[in-house]
Amino acid sequence: MMVILGLLTSFLSFLYVIAPSIRKFFAGGVCRTDVQLPGKIVVITGANTGIGKETARELARRGARVYIACRDVLKGESAASEIRADTKNSQVLVRKLDLSDTKSIRAFAEGFLAEEKQLHILINNAGVMMCPYSKTADGFETHLGVNHLGTGVTTYSVHPGIVRSELVRHSFLMCLLWRLFSPFLKSAREGAQTSLHCALAEGLEPLSGKYFSDCKRAWVSPRARNNKTAERLWAVSCELLGIQWK
């Protein structure tokens, strides 16, 4: 028994020693475009922390006017202040947006339209996972209400990989596992690369609506590509929200 424990301990110790190399191997793609964004308007949901915050930081560094749209305005202001200091871009703004409340979504949209004439880049980054059962202000199950109905339709869908972020905060077990395996997980900056790639890379227009991972197009199951299922989901979503959109 002691021999087995010794071998296990040695193996784990070895893994942690080589963890940087392992994480570098699995870090995935990197957004390599050097395009600059002066005069461009960007909205990023949930950009007060994690992947969204790092995405906002990079787009601000490239000269864009960045709107951090988040539920917690105080955290948003803290993130914006840090990004402004880091990038020397004063045009990093915070606006309240609660994706679990359609009234908040409409208020955000109306406020944005009163401020800006155009929107060049929209990154729907905010989301929830493993929440205890609850409902949104409109009576929808939280995951459905926030991740689908609250966010709406995106041009590209992206998978950032396994990233050290607050997304697992509702699960004690996942938080424990994330802490244990943190040396092997992507950083928020690494996790932001695919979002940045889809937002900045030229020539992706013909791939609108496709799925991306590690800065390249990824495989999607046949069920996810079923047009009839997609049309039905769209119709049901509009019905739930009480809107007409053709």
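Which residue in β7 is the bridge partner of F212? The exercises below treat this and related points in a predicted model.

**Exercise 1. Describe the sheet that contains β7, and locate the bridge partner of F212.**

Solution.

Step 1. Begin with the order of the strands. The sheet is open and has three strands in the order β5-β6-β7, with mixed pairing.

Step 2. Identify the edges. Strands β5 (157–159) and β7 (216–217) each have a single partner strand, so one side of each is left without a neighbour in the sheet.

Step 3. Examine the pair formed by β6 and β7. Strand β6 covers residues 211–213 and is joined to β7 by two bridges, the two strands running antiparallel.

Step 4. Name the partner. F212 has R217 as its bridge partner in β7.

**Exercise 2. Examine the backbone and the accessibility of D214 and C215 in the loop between β6 and β7.**

Solution.

Step 1. Place the residues. D214 is in the loop between β6 and β7, and C215 is in the loop between β6 and β7 as well.

Step 2. Recall the general expectation for the backbone. Most residues other than glycine have a negative phi.

Step 3. Compare the values with this expectation. D214 is not a glycine, yet its phi is positive, at about 50 degrees. C215 is likewise not a glycine, and its phi is positive at about 65 degrees.

Step 4. Classify the accessibility. A residue is buried if its relative accessible area is under 20%, and exposed if it is over 50%. With 25% relative accessibility, D214 is partly exposed. With 12% relative accessibility, C215 is buried.

**Exercise 3. Determine the arrangement of the sheet that contains β1, and state whether the residues of β1 are buried or exposed.**

Solution.

Step 1. Write down the order. This open sheet has four strands in the order β3-β2-β1-β4, and the pairing is parallel.

Step 2. Find the edges. Strands β3 (92–96) and β4 (121–123) are the edge strands, each pairing on one side only.

Step 3. Consider the turn between strands. On average, neighbouring strands of this sheet are turned by 20 degrees against each other, direction ignored.

Step 4. Follow the pairing through β2. Strand β2 (residues 65–70) is joined to β3 by five bridges, and these strands run parallel; within this pair, V94 in β3 is the bridge partner of I68. Strand β2 also pairs with β1 in the parallel sense over five bridges, and here A69 in β2 is the bridge partner of T45.

Step 5. Turn to β1 itself. Five of the five residues of β1 (residues 41–45) are buried, so this strand is largely enclosed by the rest of the structure.

Step 6. Separate the two faces of β1. I41, V43 and T45 point one way, whereas V42 and I44 point the other way, and all are buried.

**Exercise 4. Locate the largest cavity by its lining, and classify the residues that line it.**

Solution.

Step 1. Recall the principle of the search. A probe the size of a water molecule, rolled over the atoms, shows where empty space is left.

Step 2. State the result. One cavity of 30 Å³ or more is found in the whole structure, and the largest cavity has a volume of about 30 Å³.

Step 3. List the lining. It consists of L99, S100, D101, T102, I105, T136, D138, F140, G145, L149 and G150.

Step 4. Assign the lining to elements. Helices α5 (102–115) and α6 (142–150) are the elements that give two or more residues to it. The most comes from α6, with three residues.

Step 5. Sort the lining by class. It has four nonpolar, five polar and two charged residues.

**Exercise 5. Characterise E58, L144 and E141 by location, accessibility and a selected contact or distance.**

Solution.

Step 1. Take E58. This residue is in helix α3 (residues 50–61) and is buried, because its relative accessibility is 17%. The side chains of E58 and R62 are joined by a polar contact of 2.9 Å.

Step 2. Take L144. This residue is in helix α6 and is partly exposed, with a relative accessible area of 37%. L144 and V128 are 16 residues apart along the chain, and their C-alpha atoms are separated by 9.5 Å.

Step 3. Take E141. This residue is in the loop between β4 and α6 and is partly exposed, with a relative accessible area of 26%. E141 and C131 are 10 residues apart in sequence, and the C-alpha to C-alpha distance is 10.0 Å.

Methods. Residues numbered from 1 in each chain as written. Predicted model: local features only at pLDDT ≥ 70, side-chain atom pairs only at ≥ 80, totals over all residues. Heavy atoms only, no water. Pairing = 2+ DSSP bridges. 1 Å grid on protein atoms, 1.4 Å probe; cavity = no way out; pocket = protein on both sides within 12 Å on 5 of 7 lines; lining within 4 Å. Points joined across faces, edges and corners; volume = space filled by probe spheres on them. Nonpolar A, V, L, I, M, F, W, Y, C, P; charged D, E, K, R; others polar. Buried < 20%, exposed > 50% of the residue type's maximum accessible area, 1.4 Å probe, protein only. Polar contact = N/O pair within 3.5 Å; in protein donor to acceptor, adjacent residues only side chain to side chain. Axes fitted to C-alpha atoms, helices over the stretch in contact; angles between N-to-C directions.
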